[in-house]
Amino acid sequence: MSAMSFAVMHSARLLSAARWLTVGLFVLSLTGCSALGGSNTQQQEPAPDLPELTQKAAEQMVASNPDITRYSPMIAATFVSIDNLSQSSTLGRISSELMASALGRQGMQVREVKMRDSMFIEESVGELILSRQVQRLSAQHDARSILMGTYAQGQDYIYVSARVVRSSDAMVLGSADFRLALNNNTRSLLEGQGGW
């Protein structure tokens, strides 16, 4: 083999090795770019917060029964723990406030009732009924409907169920349910749990 053909062969091998190295680096750089690009495009949207969830729930109530606003004015009861219907928390109080405001934006007239122990729900034979005190307050404030709700704490979420009932016979006029992520913020709203 001549020196010339050896040099050509050696150059061809080096060129081939250089090509493979270039292709390898190119593929590696594409993989890295796609991994970087993927992480930027796959950012999760923040979970909806309580005001957003109550607004959607109010819209859902009115959409499912457009006549619900005819049962104005409405008064709002504090939302209570499903495990103890005589117990609420900051979460129960703010959920009720936000839901009443959201229903107000949907056309429901809301009467303000701010009294300690003003409204509560009793449990009887598995059904929620209006207490005598709630009936008395609805008559006193000339309310045709009452917003009430319950919440339950799970491992990762808090589940909230809200309903508007006719004050005369406790017939449910509209209902909506949603879940709220259980995080440090929502845990702090539950810490004040106790009687009201």
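The legends below describe close-up views of a predicted model.

In this predicted model, local features need pLDDT of at least 70 and side-chain atom pairs count only at pLDDT 80 or more, while totals for chains, interfaces and linings use all residues. Residues are numbered from 1 along each chain as its sequence is written, and side-chain values use heavy atoms, with hydrogens and water left out.

**View 1. Q55 in helix α2 and its surroundings.** Q55 belongs to helix α2, which covers residues 50–64 (helices are DSSP runs of H or I with at least four residues, strands are runs of E with at least two, and both are numbered from the N terminus). With a relative accessible area of 16%, Q55 is buried (under 20% relative accessible area, against over 50% for exposed and in between for partly exposed, using a 1.4 Å probe and protein chains only). When its neighbours within four places in sequence are left aside, Q55 is in contact with A102, R105 and Q106 (heavy atoms within 4.5 Å).

**View 2. Strand β6 and its parallel partners, β1 and β2.** Strand β6 spans residues 145–153 and is mostly covered, seven of its nine residues being buried. Strand β1 (residues 74–76) runs parallel to β6 and is joined to it by three bridges, with M74 standing opposite S145; pairing of two strands requires that DSSP finds at least two bridges between them. Strand β2 (residues 80–81) is also parallel to β6, through two bridges, and here V80 stands opposite T150.

**View 3. The hairpin between β6 and β7.** Three residues form the hairpin connection from β6 to β7, and nine bridges join β6 to the antiparallel strand β7 (residues 157–166). Within this pairing, I146 has V165 of β7 as its bridge partner.
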